[in-house]
Number of protein chains: 2
Amino acid sequence: MSAKPPASIDALIELLAKLPGLGPRSARRAVLHLVARRSQLLHPLAEAMTEVAATARECLNCGNIATGDLCPICLDDRRATGQICVVEDVADLWAMERGGAFGGRYHVLGGTLSALDAVGPEDLGLPRLADRIETEQVTEVILALGATVDGQTTAHYISDMLDGRTRVTSLAKGVPVGGELDYLDDGTIAAALAARTRL
Amino acid sequence: MSAKPPASIDALIELLAKLPGLGPRSARRAVLHLVARRSQLLHPLAEAMTEVAATARECLNCGNIATGDLCPICLDDRRATGQICVVEDVADLWAMERGGAFGGRYHVLGGTLSALDAVGPEDLGLPRLADRIETEQVTEVILALGATVDGQTTAHYISDMLDGRTRVTSLAKGVPVGGELDYLDDGTIAAALAARTRL
(Lines give C-alpha, C1' and ligand atoms only; values in the text may rest on other atoms or scores of the structure.)
Protein backbone atom coordinates (compact mmCIF):
# COMPACT_ATOMS: atom_id res chain seq x y z
CA MET A 1 0.00 0.00 0.00
CA SER A 2 2.39 2.67 1.19
CA ALA A 3 4.52 4.21 -1.59
CA LYS A 4 8.07 5.23 -0.74
CA PRO A 5 9.94 8.29 -2.02
CA PRO A 6 11.97 7.63 -5.21
CA ALA A 7 15.14 5.64 -4.47
CA SER A 8 17.46 8.51 -5.42
CA ILE A 9 15.67 10.82 -2.96
CA ASP A 10 15.86 8.18 -0.22
CA ALA A 11 19.58 7.75 -0.85
CA LEU A 12 20.16 11.49 -0.62
CA ILE A 13 18.19 11.73 2.67
CA GLU A 14 20.22 8.87 4.14
CA LEU A 15 23.55 10.50 3.22
CA LEU A 16 22.54 13.98 4.43
CA ALA A 17 21.39 12.47 7.74
CA LYS A 18 25.04 11.52 8.41
CA LEU A 19 26.11 15.17 8.62
CA PRO A 20 26.69 16.49 12.13
CA GLY A 21 23.67 18.48 13.27
CA LEU A 22 21.25 16.69 10.93
CA GLY A 23 19.20 13.59 11.68
CA PRO A 24 16.76 11.58 9.55
CA ARG A 25 13.91 14.06 10.09
CA SER A 26 15.86 17.24 9.39
CA ALA A 27 17.58 15.57 6.41
CA ARG A 28 14.12 14.81 4.97
CA ARG A 29 13.09 18.40 5.50
CA ALA A 30 16.33 19.62 3.89
CA VAL A 31 15.81 17.41 0.82
CA LEU A 32 12.23 18.62 0.34
CA HIS A 33 13.55 22.18 0.66
CA LEU A 34 16.20 21.41 -1.98
CA VAL A 35 13.80 19.77 -4.44
CA ALA A 36 11.42 22.71 -4.13
CA ARG A 37 14.34 25.06 -4.99
CA ARG A 38 16.04 23.13 -7.74
CA SER A 39 17.54 25.98 -9.76
CA GLN A 40 18.36 28.40 -6.91
CA LEU A 41 19.80 25.87 -4.46
CA LEU A 42 19.95 22.21 -5.47
CA HIS A 43 21.90 22.63 -8.72
CA PRO A 44 24.47 25.09 -7.26
CA LEU A 45 24.89 22.88 -4.19
CA ALA A 46 25.41 19.74 -6.27
CA GLU A 47 28.03 21.56 -8.35
CA ALA A 48 29.82 23.05 -5.34
CA MET A 49 29.91 19.65 -3.68
CA THR A 50 31.23 17.93 -6.78
CA GLU A 51 33.97 20.54 -7.10
CA VAL A 52 35.01 20.25 -3.47
CA ALA A 53 34.97 16.45 -3.74
CA ALA A 54 37.29 16.70 -6.73
CA THR A 55 39.72 19.32 -5.43
CA ALA A 56 39.81 19.46 -1.63
CA ARG A 57 42.56 17.56 0.18
CA GLU A 58 44.96 17.88 3.09
CA CYS A 59 47.99 20.14 2.87
CA LEU A 60 50.99 17.76 2.82
CA ASN A 61 52.93 20.08 5.12
CA CYS A 62 50.50 21.18 7.82
CA GLY A 63 47.23 19.23 7.39
CA ASN A 64 45.07 22.29 6.59
CA ILE A 65 42.45 21.98 3.84
CA ALA A 66 44.00 22.76 0.45
CA THR A 67 43.11 22.59 -3.21
CA GLY A 68 46.70 21.68 -4.17
CA ASP A 69 49.61 19.87 -2.50
CA LEU A 70 50.16 22.82 -0.15
CA CYS A 71 47.66 25.17 1.48
CA PRO A 72 47.77 28.98 0.93
CA ILE A 73 49.41 29.49 4.34
CA CYS A 74 52.28 27.07 3.64
CA LEU A 75 52.71 28.60 0.16
CA ASP A 76 52.92 32.15 1.60
CA ASP A 77 56.59 33.06 2.29
CA ARG A 78 55.54 35.92 4.55
CA ARG A 79 54.20 33.36 7.00
CA ALA A 80 57.58 31.63 7.40
CA THR A 81 58.07 33.49 10.69
CA GLY A 82 59.66 30.58 12.50
CA GLN A 83 56.50 30.12 14.57
CA ILE A 84 54.27 27.07 14.30
CA CYS A 85 50.88 26.99 15.99
CA VAL A 86 49.71 23.44 16.83
CA VAL A 87 45.91 23.02 16.63
CA GLU A 88 43.65 20.02 17.02
CA ASP A 89 41.67 20.35 13.80
CA VAL A 90 40.99 22.61 10.81
CA ALA A 91 38.05 24.30 12.59
CA ASP A 92 40.50 25.49 15.27
CA LEU A 93 42.89 26.74 12.57
CA TRP A 94 40.05 28.76 11.03
CA ALA A 95 39.15 30.13 14.47
CA MET A 96 42.78 31.28 14.97
CA GLU A 97 42.77 32.88 11.50
CA ARG A 98 39.52 34.72 12.23
CA GLY A 99 41.24 36.15 15.28
CA GLY A 100 43.88 37.46 12.86
CA ALA A 101 46.49 37.74 15.63
CA PHE A 102 48.85 34.99 14.46
CA GLY A 103 51.17 35.47 11.48
CA GLY A 104 53.02 32.15 11.36
CA ARG A 105 52.20 28.67 10.12
CA TYR A 106 50.16 25.84 11.58
CA HIS A 107 50.33 22.16 12.32
CA VAL A 108 46.96 20.39 12.35
CA LEU A 109 46.99 17.26 14.52
CA GLY A 110 43.60 15.91 13.46
CA GLY A 111 42.81 14.85 17.02
CA THR A 112 44.45 14.37 20.41
CA LEU A 113 46.48 11.55 21.91
CA SER A 114 44.09 9.05 23.43
CA ALA A 115 44.97 5.71 24.95
CA LEU A 116 41.28 4.73 24.99
CA ASP A 117 40.81 5.34 21.26
CA ALA A 118 44.32 4.04 20.44
CA VAL A 119 45.45 7.35 18.93
CA GLY A 120 49.26 7.46 19.06
CA PRO A 121 51.87 10.09 18.09
CA GLU A 122 52.13 8.81 14.48
CA ASP A 123 48.37 9.23 13.94
CA LEU A 124 48.71 12.93 14.79
CA GLY A 125 51.69 13.57 12.51
CA LEU A 126 53.97 14.35 15.46
CA PRO A 127 57.11 12.94 13.78
CA ARG A 128 56.36 15.29 10.85
CA LEU A 129 56.08 18.19 13.31
CA ALA A 130 59.51 17.28 14.71
CA ASP A 131 60.93 17.26 11.16
CA ARG A 132 59.47 20.72 10.47
CA ILE A 133 61.46 22.14 13.44
CA GLU A 134 64.66 21.62 11.38
CA THR A 135 63.43 22.22 7.84
CA GLU A 136 61.55 25.44 8.64
CA GLN A 137 64.03 26.83 11.24
CA VAL A 138 61.29 26.99 13.83
CA THR A 139 62.05 29.11 16.90
CA GLU A 140 58.73 28.67 18.72
CA VAL A 141 55.97 26.09 18.80
CA ILE A 142 52.72 27.52 20.20
CA LEU A 143 50.31 24.89 21.51
CA ALA A 144 46.69 25.99 20.94
CA LEU A 145 45.02 22.84 22.24
CA GLY A 146 41.77 22.51 24.17
CA ALA A 147 41.88 22.78 27.95
CA THR A 148 40.61 19.21 28.24
CA VAL A 149 42.34 16.17 29.70
CA ASP A 150 43.20 14.80 26.25
CA GLY A 151 44.26 18.24 24.97
CA GLN A 152 46.56 18.84 27.92
CA THR A 153 48.01 15.31 27.74
CA THR A 154 48.84 15.94 24.09
CA ALA A 155 50.34 19.33 24.95
CA HIS A 156 52.63 17.78 27.57
CA TYR A 157 53.69 15.01 25.17
CA ILE A 158 54.60 17.53 22.46
CA SER A 159 56.38 19.73 25.00
CA ASP A 160 58.49 16.76 26.17
CA MET A 161 59.16 15.64 22.58
CA LEU A 162 60.48 19.05 21.50
CA ASP A 163 62.27 19.81 24.80
CA GLY A 164 65.59 21.55 24.10
CA ARG A 165 65.05 21.73 20.35
CA THR A 166 62.84 24.83 20.30
CA ARG A 167 60.79 27.04 22.59
CA VAL A 168 57.37 25.52 23.36
CA THR A 169 54.61 27.82 24.60
CA SER A 170 50.87 27.47 25.18
CA LEU A 171 47.88 29.80 24.89
CA ALA A 172 47.28 31.62 28.18
CA LYS A 173 44.52 30.40 30.48
CA GLY A 174 42.44 33.10 32.08
CA VAL A 175 39.26 35.15 32.08
CA PRO A 176 37.67 35.33 28.59
CA VAL A 177 37.12 38.83 27.21
CA GLY A 178 33.62 39.93 28.26
CA GLY A 179 33.48 37.21 30.93
CA GLU A 180 32.13 37.80 34.43
CA LEU A 181 33.93 36.21 37.38
CA ASP A 182 30.65 35.06 38.88
CA TYR A 183 30.04 32.71 35.96
CA LEU A 184 33.57 31.27 35.70
CA ASP A 185 34.52 27.86 37.07
CA ASP A 186 37.04 27.54 39.90
CA GLY A 187 39.76 26.07 37.68
CA THR A 188 39.72 29.06 35.33
CA ILE A 189 39.85 31.55 38.19
CA ALA A 190 42.75 29.68 39.82
CA ALA A 191 44.62 29.60 36.48
CA ALA A 192 43.97 33.30 35.87
CA LEU A 193 45.19 34.15 39.37
CA ALA A 194 48.36 32.11 38.97
CA ALA A 195 49.10 33.78 35.63
CA ARG A 196 48.22 37.31 36.79
CA THR A 197 49.97 40.16 34.99
CA ARG A 198 51.23 43.54 36.19
CA LEU A 199 49.06 46.42 34.93
CA MET B 1 47.24 38.44 7.51
CA SER B 2 44.32 36.11 8.08
CA ALA B 3 44.02 33.40 5.42
CA LYS B 4 40.54 32.33 4.35
CA PRO B 5 39.37 28.82 3.46
CA PRO B 6 39.66 28.02 -0.28
CA ALA B 7 36.93 29.74 -2.32
CA SER B 8 35.24 26.45 -3.29
CA ILE B 9 34.98 25.46 0.38
CA ASP B 10 33.58 28.88 1.30
CA ALA B 11 30.99 28.60 -1.48
CA LEU B 12 29.91 25.16 -0.25
CA ILE B 13 29.57 26.41 3.33
CA GLU B 14 27.46 29.34 2.19
CA LEU B 15 25.09 27.09 0.19
CA LEU B 16 24.77 24.45 2.93
CA ALA B 17 23.96 27.21 5.44
CA LYS B 18 20.76 27.87 3.46
CA LEU B 19 19.32 24.46 4.35
CA PRO B 20 16.64 24.48 7.06
CA GLY B 21 18.18 23.45 10.37
CA LEU B 22 21.70 24.51 9.40
CA GLY B 23 23.31 27.90 9.98
CA PRO B 24 26.76 29.27 9.11
CA ARG B 25 28.43 27.56 12.07
CA SER B 26 26.88 24.13 11.63
CA ALA B 27 27.43 24.35 7.85
CA ARG B 28 31.13 24.94 8.50
CA ARG B 29 31.20 21.95 10.81
CA ALA B 30 29.38 19.83 8.22
CA VAL B 31 31.85 20.79 5.47
CA LEU B 32 34.87 19.94 7.65
CA HIS B 33 33.15 16.63 8.45
CA LEU B 34 32.65 16.03 4.70
CA VAL B 35 36.21 16.93 3.69
CA ALA B 36 37.59 14.64 6.40
CA ARG B 37 35.47 11.78 4.94
CA ARG B 38 35.92 12.32 1.26
CA SER B 39 35.52 8.78 -0.01
CA GLN B 40 32.91 7.51 2.48
CA LEU B 41 30.65 10.56 2.48
CA LEU B 42 31.58 13.54 0.29
CA HIS B 43 31.83 11.69 -3.04
CA PRO B 44 28.60 9.65 -2.55
CA LEU B 45 26.76 12.77 -1.39
CA ALA B 46 27.94 14.83 -4.36
CA GLU B 47 26.82 12.05 -6.72
CA ALA B 48 23.44 11.58 -5.02
CA MET B 49 22.81 15.32 -5.13
CA THR B 50 23.76 15.58 -8.80
CA GLU B 51 21.43 12.71 -9.63
CA VAL B 52 18.50 14.19 -7.71
CA ALA B 53 19.17 17.60 -9.29
CA ALA B 54 19.02 15.97 -12.72
CA THR B 55 15.98 13.72 -12.22
CA ALA B 56 13.69 15.02 -9.45
CA ARG B 57 10.67 17.08 -10.46
CA GLU B 58 7.01 17.54 -9.61
CA CYS B 59 4.42 14.99 -10.69
CA LEU B 60 2.33 16.78 -13.34
CA ASN B 61 -0.86 15.25 -11.93
CA CYS B 62 -0.59 15.53 -8.14
CA GLY B 63 2.51 17.60 -7.30
CA ASN B 64 4.33 14.76 -5.47
CA ILE B 65 8.09 14.37 -6.07
CA ALA B 66 8.68 12.20 -9.14
CA THR B 67 11.56 11.12 -11.33
CA GLY B 68 9.37 11.14 -14.45
CA ASP B 69 6.28 13.05 -15.61
CA LEU B 70 4.11 11.14 -13.14
CA CYS B 71 4.89 9.90 -9.60
CA PRO B 72 4.66 6.19 -8.66
CA ILE B 73 1.29 6.75 -6.94
CA CYS B 74 -0.32 8.35 -10.02
CA LEU B 75 1.18 5.60 -12.23
CA ASP B 76 -0.26 2.83 -10.01
CA ASP B 77 -3.72 1.79 -11.27
CA ARG B 78 -4.54 0.10 -7.97
CA ARG B 79 -4.58 3.56 -6.36
CA ALA B 80 -7.33 4.85 -8.68
CA THR B 81 -9.86 4.31 -5.88
CA GLY B 82 -11.85 7.46 -6.58
CA GLN B 83 -10.45 9.05 -3.40
CA ILE B 84 -8.12 12.05 -3.44
CA CYS B 85 -6.36 13.18 -0.27
CA VAL B 86 -5.48 16.88 -0.32
CA VAL B 87 -2.25 17.69 1.59
CA GLU B 88 -0.29 20.88 2.07
CA ASP B 89 3.15 19.62 1.01
CA VAL B 90 5.13 16.53 0.08
CA ALA B 91 6.26 16.02 3.69
CA ASP B 92 2.59 15.60 4.66
CA LEU B 93 2.08 13.14 1.78
CA TRP B 94 5.01 11.06 3.05
CA ALA B 95 3.56 11.20 6.58
CA MET B 96 0.22 9.87 5.25
CA GLU B 97 2.04 7.12 3.35
CA ARG B 98 4.03 6.11 6.44
CA GLY B 99 0.68 5.70 8.19
CA GLY B 100 -0.22 3.25 5.42
CA ALA B 101 -3.96 3.68 5.99
CA PHE B 102 -4.82 5.50 2.76
CA GLY B 103 -5.00 3.65 -0.58
CA GLY B 104 -6.03 6.45 -2.96
CA ARG B 105 -4.19 9.28 -4.66
CA TYR B 106 -3.05 12.69 -3.48
CA HIS B 107 -3.19 16.32 -4.41
CA VAL B 108 -0.28 18.40 -3.09
CA LEU B 109 -1.18 22.09 -2.71
CA GLY B 110 2.34 23.36 -2.00
CA GLY B 111 1.01 25.76 0.63
CA THR B 112 -2.20 27.23 1.98
CA LEU B 113 -4.38 30.12 0.84
CA SER B 114 -3.04 33.29 2.39
CA ALA B 115 -4.21 36.82 1.72
CA LEU B 116 -1.15 38.20 3.53
CA ASP B 117 1.33 36.32 1.33
CA ALA B 118 -0.86 36.77 -1.78
CA VAL B 119 -1.30 33.01 -2.31
CA GLY B 120 -4.45 32.46 -4.36
CA PRO B 121 -6.31 29.35 -5.64
CA GLU B 122 -4.25 29.18 -8.88
CA ASP B 123 -0.97 29.08 -6.92
CA LEU B 124 -2.21 25.94 -5.13
CA GLY B 125 -3.35 24.11 -8.27
CA LEU B 126 -7.00 24.20 -7.16
CA PRO B 127 -8.38 24.49 -10.75
CA ARG B 128 -6.35 21.34 -11.56
CA LEU B 129 -7.91 19.62 -8.53
CA ALA B 130 -11.38 20.53 -9.86
CA ASP B 131 -10.45 19.06 -13.25
CA ARG B 132 -9.31 15.83 -11.62
CA ILE B 133 -12.80 15.34 -10.09
CA GLU B 134 -14.12 14.64 -13.63
CA THR B 135 -11.14 12.93 -15.27
CA GLU B 136 -10.48 10.50 -12.41
CA GLN B 137 -14.16 9.91 -11.42
CA VAL B 138 -13.49 11.05 -7.89
CA THR B 139 -16.15 10.14 -5.33
CA GLU B 140 -14.47 11.63 -2.24
CA VAL B 141 -11.97 14.40 -1.53
CA ILE B 142 -10.35 14.00 1.90
CA LEU B 143 -8.86 17.19 3.27
CA ALA B 144 -5.76 16.44 5.37
CA LEU B 145 -4.78 20.02 6.10
CA GLY B 146 -3.25 21.44 9.27
CA ALA B 147 -5.60 22.59 12.05
CA THR B 148 -4.26 26.15 11.67
CA VAL B 149 -6.14 29.27 10.59
CA ASP B 150 -4.67 29.14 7.07
CA GLY B 151 -5.18 25.39 6.82
CA GLN B 152 -8.83 25.62 7.85
CA THR B 153 -9.47 28.63 5.56
CA THR B 154 -8.10 26.59 2.67
CA ALA B 155 -10.21 23.60 3.69
CA HIS B 156 -13.40 25.70 3.67
CA TYR B 157 -12.51 27.22 0.29
CA ILE B 158 -11.98 23.78 -1.26
CA SER B 159 -15.16 22.48 0.35
CA ASP B 160 -17.18 25.39 -1.13
CA MET B 161 -15.48 25.00 -4.53
CA LEU B 162 -16.32 21.29 -4.82
CA ASP B 163 -19.78 21.56 -3.18
CA GLY B 164 -22.26 19.29 -4.95
CA ARG B 165 -19.67 17.81 -7.31
CA THR B 166 -18.26 15.23 -4.90
CA ARG B 167 -18.21 14.30 -1.24
CA VAL B 168 -15.71 16.41 0.74
CA THR B 169 -14.48 15.11 4.11
CA SER B 170 -11.77 16.11 6.54
CA LEU B 171 -9.48 14.25 8.95
CA ALA B 172 -11.15 13.84 12.36
CA LYS B 173 -10.10 16.17 15.15
CA GLY B 174 -9.68 14.55 18.55
CA VAL B 175 -7.39 13.04 21.16
CA PRO B 176 -4.11 11.79 19.60
CA VAL B 177 -3.29 8.12 20.23
CA GLY B 178 -1.20 7.94 23.40
CA GLY B 179 -2.31 11.41 24.42
CA GLU B 180 -3.32 12.36 27.94
CA LEU B 181 -6.30 14.67 28.47
CA ASP B 182 -4.39 16.70 31.03
CA TYR B 183 -1.92 17.88 28.37
CA LEU B 184 -4.45 18.66 25.63
CA ASP B 185 -5.58 22.18 24.81
CA ASP B 186 -9.24 23.18 25.30
CA GLY B 187 -9.97 23.37 21.56
CA THR B 188 -8.92 19.76 20.97
CA ILE B 189 -10.98 18.50 23.91
CA ALA B 190 -14.04 20.45 22.71
CA ALA B 191 -13.62 19.09 19.16
CA ALA B 192 -13.18 15.53 20.49
CA LEU B 193 -16.31 15.86 22.62
CA ALA B 194 -18.39 17.21 19.73
CA ALA B 195 -17.23 14.32 17.50
CA ARG B 196 -17.64 11.60 20.18
CA THR B 197 -18.35 8.11 18.91
CA ARG B 198 -20.46 5.24 20.30
CA LEU B 199 -18.32 2.42 21.73
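**Exercise 1. Decide whether R78(A) is buried or exposed, then find its salt-bridge partner.**

Solution. R78(A) has a relative accessible area of 71%. The cut-off for exposed is over 50%, so R78(A) is exposed. The model is a predicted one. Next, look at the side chain: R78(A) meets D76(A) in a salt bridge, with N and O 3.2 Å apart. The cut-off for a salt bridge is 4 Å.

**Exercise 2. Find the salt-bridge partner of R79(A), and state which parts of chain A the pair ties together.**

Solution. Step one is the partner: R79(A) forms a salt bridge with E97(A), and their closest N and O atoms are 2.8 Å apart. Step two is the location. R79(A) is in the loop between α4 (72-75) and β3 (83-87) of chain A, while E97(A) belongs to helix α5 (residues 90-99) of chain A, so the pair ties together parts 18 residues apart in sequence. Step three is the accessibility. The relative accessibility of R79(A) is 3%, and that of E97(A) is 2%. Buried means under 20%, so R79(A) counts as buried, and so does E97(A).

**Exercise 3. Describe the network of salt bridges that includes R132(A).**

Solution. Begin with one pair: the side chains of E136(A) and R132(A) meet in a salt bridge at 2.7 Å, N to O. Both residues of this pair, E136(A) and R132(A), are buried. Then add R105(A), which is linked with R132(A) and E136(A) in a network of salt bridges. Over all chains, a search of the whole structure finds 14 salt bridges.

**Exercise 4. Describe the interface of chain B and chain A, starting from its residues and buried area.**

Solution. Count the residues: 52 from chain B and 52 from chain A take part in the contact. Then take the area. The two chains bury about 5,000 Å² between them, and 78% of this is on carbon and sulfur atoms. On chain B, P20(B), M49(B) and W94(B) supply 13% of the area buried against chain A, more than any other three residues.

Now check the polar links. The rule finds zero salt bridges across the interface of chain B and chain A, but there are five residue pairs in polar contact between these chains, both residues at pLDDT 80 or more.

Finally, assign the residues of chain B. Elements that give two or more residues to the side touching chain A are α1 (7-16), α2 (24-36), α3 (38-55), β1 (57-58) and α5 (90-99) of chain B. Of these, α3(B) gives the most, with 14 residues. By class, this side of chain B has 32 nonpolar, 10 polar and 10 charged residues.

Notes
Residues numbered from 1 in each chain as written. Chains lettered and ligands numbered in written order. Predicted model: local features only at pLDDT ≥ 70, side-chain atom pairs only at ≥ 80, totals over all residues. Heavy atoms only, no water. Contact = heavy atoms within 4.5 Å. Buried area = accessible area lost by both parts, 1.4 Å probe. Polar contact = N/O pair within 3.5 Å; in protein donor to acceptor, adjacent residues only side chain to side chain. Helix = DSSP H or I, 4+ residues; strand = E, 2+ residues; numbered from the N terminus. Nonpolar A, V, L, I, M, F, W, Y, C, P; charged D, E, K, R; others polar. Buried < 20%, exposed > 50% of the residue type's maximum accessible area, 1.4 Å probe, protein only.
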